[in-house]
Amino acid sequence: MLALTAQSPWAEQPGDEGRADDAAAVSNPALDSVLFYEILLGEISSRTGDPGAGYAYILAAARRSADDQLYQRAVDIALQSRSGEYALTAAKAWKEAIPQSREANRYMLQILVALNRIGETADLLRQELAQSSERASLLAALPEIYGRASDKALAARVVQRALVDELANPATAPAAWVALGRLRLASGNKNGALDAARKAQDLDGESADVVRLALELMEENTPEAEPIVTRGLARQPLAALRAAYARVLLGLQRYSDADLQLQAITGENPKFVEAWLMLATVQFLEQRLPLAEASLQRFMELLPESTDAQMRRNGLTQAYLLHAQIAEKKKDFAAAEAWLGRIDNADQVFAAQSRRASLLARQGKLAQARALLRNLPGTSDTDKRMKLLAEVQLLREQRLYDDAYKVQVELVALAPGEAELVYDQAMLAEKAGKIDTMEQLLRQVIARQPKYHHAYNALGYSLADRGLRLNEAKRLIMKALEFAPGDPFIMDSLGWVEFRLGNRADAKQHLEAAYKVRPDVEIAAHLGEVLWSLGDKEGASKVWEEGQRTGPDNETLQETLKRLGVGL
């Protein structure tokens, strides 16, 4: 309870508590002897291991004197002893005694949120907004204030009721809609968040906060939010917003679109250092290695001018790692090792050693690579987990799926109840040819966590890909879509099962929608095959070529091209 309050946007600054104690004892020169005695006994009790008695004495003194600081002290004693209900009792008494006390109102609001009594907070929030001289800051803080609510949909509804006046006021409505949008998004209501973002932009077309909300929606597979981003950037083409947009596009594997944004930044703001690192990353992913090296060089030239110490340290490490990956692609393993040797950032040692293991494996020294990872320092469960994860990834890269599966079994043993680890075990079982084991593991995940949509999708896709129980496969994929509507990988699965069922027009529609959201190489492989089957060989070749640029070694794409006898 105390931790929840201490982390709130209204938490006291370090050292305030002691000053409040002293002030409570001396703030009212008219204190009678009984009152002084109650305060003294309260402080002695609370500091000598009896906070319950201390709370009772201080609360009695507060009621006797109607003193703000004494009420606050009673609440703080209860919070420090993690007694939420007692803290609420004191805060209620405080608010009843001094109804216009802003501190009493704040404490009541925070405590009710921490106790998940969200429905009782609307009037308190309304009063806080009315009394605030920094209304914009308070509105921006609302998603954080209500962030710990267990029922986030209720939190969004309660806040909307409290914001009636702000939503009707042109001066505050844009910020209020953005806050409401973030609360709706946190509750999983993407359509409601999208509606809030649109309303905010209609009222303030230059709001950077609206663009940031729309970017969060894009990250949550809501492509309808992108026009909000592009309109906002047209009105307010800030380099930082463009960079944020580029990061989202990069995460969505839309490398050419990310490249356009980064080229705009580096053209208009050539000293915007972060953009050069992102541009190098995009160019590397698109296999444009000489351009990636040039962008990295420019990044490293500009980096010493950055005022951000963390960027200077972490950015340089990322640049060295990327240089090493470029050298590795060129099979210049000595150069790659030299770049890795320049990394002295303790936080990135593990990443550097993982790349070293990859270099060893690519040179045929797999046993040494695995030993390197196994012998990395650290004996805690977290350390063991990181080392095993790195080894699984190494074996995946070498396509040694049976060995990777065995290591994943070790990983699952560390946390057998963790759905994601069991899911990964199932995916490796499939790659290793253990189809029955894969299905058994996925059904185990579904039984334990019925809302884990990845398991429904993986099982449905696996059945569809093997042409088995297609109606059941479609039901599983549709179930996954219920939990994650708009997810491009589930849309890809739906397109693929429709194709297997012979519904090629529906398959094309679903796959094109998935590819638009995320032009992933495996989606490209499926979409290309559907287009090819419909006679659109030019369209299929174009999609496959795009996929090959970003994933030239992808197994699904290579198998598709080989099976259809297509040479690109």
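These legends describe an overall view and several close-up views of a predicted model.

**Figure 1. Overall view of the predicted protein chain.** The protein chain contains 34 helices and zero strands. Along the principal axes, its C-alpha atoms fill a box of roughly 95 × 55 × 55 Å. Of its 568 residues, 49% count as buried. Among contacts with a separation of 6 or more, 53% are between residues 24 or more positions apart.

**Figure 2. Confidence along the chain and the residues 1-8 and 11-27.** The mean pLDDT of the protein chain is 90, and 94% of its residues reach 70 or more. Residues 1-8 have a pLDDT below 50, and this stretch has 19 contacts in the model beyond near neighbours in sequence. Residues 11-27 also have a pLDDT below 50. For residues 11-27, the model has 20 contacts beyond near neighbours in sequence.

**Figure 3. Surroundings of Asp520, a buried residue with no salt bridge.** Asp520 lies in the loop between helix H31 (504-517) and helix H32 (521-533). The nearest side chain of opposite charge is that of Arg518, 6.2 Å away. A salt bridge requires a nitrogen and an oxygen within 4 Å, so the 6.2 Å separation of Asp520 and Arg518 does not qualify. The side chain of Asp520 does make a polar contact with the side chain of Gln253, at 3.4 Å. Leaving out residues up to four places away in sequence, Asp520 touches Gln253, Phe489 and Tyr515.

**Figure 4. The aromatic pair Tyr456 and Phe483.** A search of the whole structure finds eight aromatic pairs. In one of them, the rings of Tyr456 and Phe483 are 5.9 Å apart, centre to centre, and the angle between their planes is 35°, a tilted arrangement. This pair links distant parts of the chain: Tyr456 belongs to helix H28 (residues 453-465) and Phe483 to helix H29 (residues 470-483), 27 residues apart. Tyr456 has a relative accessible area of 9% and is buried. Phe483 has a relative accessible area of 32% and is partly exposed.

**Figure 5. A cluster of aromatic rings formed by Tyr71, Trp94 and Tyr107.** The three residues are linked into this cluster by ring pairs.

**Figure 6. The salt bridge between Glu472 and Arg443.** The count for the structure comes to 43 salt bridges. In the one shown, the side chains of Glu472 and Arg443 meet at 2.7 Å, N to O. The pair links distant parts of the chain, with Glu472 in helix H29 and Arg443 in helix H27 (residues 435-448), 29 residues apart. Arg443 is partly exposed, at a relative accessible area of 34%.

**Figure 7. Salt bridges within helix H25 and helix H33.** In helix H25 (residues 401-414), Lys406 and Asp402 are four residues apart, about one turn of the helix. Their side chains meet in a salt bridge of 3.5 Å, N to O. Asp402 is partly exposed, with a relative accessible area of 31%. In helix H33 (residues 537-550), Lys542 and Glu546 are four residues apart and so are separated by about one helical turn. The closest N and O atoms of the salt bridge between Lys542 and Glu546 are 2.9 Å apart. Lys542 counts as exposed at 51% relative accessibility, whereas Glu546 is partly exposed at 22%.

**Figure 8. A network of salt bridges among Arg102, Glu103, Arg106 and Glu128.** The view takes in these four residues, which the salt bridges link to one another as a network.

**Figure 9. Positive phi at Ala66 and Gln287.** Ala66 is not a glycine, yet its phi is positive, at about 55°. Ala66 lies in the loop between helix H4 (51-65) and helix H5 (68-80). Its relative accessibility is 43%, which counts as partly exposed. Gln287, also not a glycine, has a positive phi of about 65°. Gln287 is placed in the loop between helix H18 (273-285) and helix H19 (289-302). With a relative accessible area of 32%, Gln287 is partly exposed.

Methods:
Residues are numbered from 1 along each chain as its sequence is written. This is a predicted model: local features need pLDDT of at least 70, side-chain atom pairs count only at pLDDT 80 or more; totals for chains, interfaces and linings use all residues. Side-chain values use heavy atoms; hydrogens and water are left out. Helices (H or I, at least four residues) and strands (E, at least two) are DSSP runs, numbered from the N terminus. Buried means under 20% relative accessible area, exposed over 50%, partly exposed in between (1.4 Å probe, protein chains only). Lys and Arg count as positive and Asp and Glu as negative; His and the chain ends are not counted. A polar contact is a pair of N or O atoms within 3.5 Å; within protein, one must be able to donate a hydrogen and the other to accept it, and residues adjacent in sequence count only if both atoms are side-chain atoms. Contact means heavy atoms within 4.5 Å. Rings of Phe, Tyr and Trp (its six-membered ring) pair if their centres lie within 6.5 Å; planes under 30 degrees apart count as stacked, over 60 as edge-to-face and the rest as tilted. pLDDT is the predictor's confidence in each residue, from 0 to 100.
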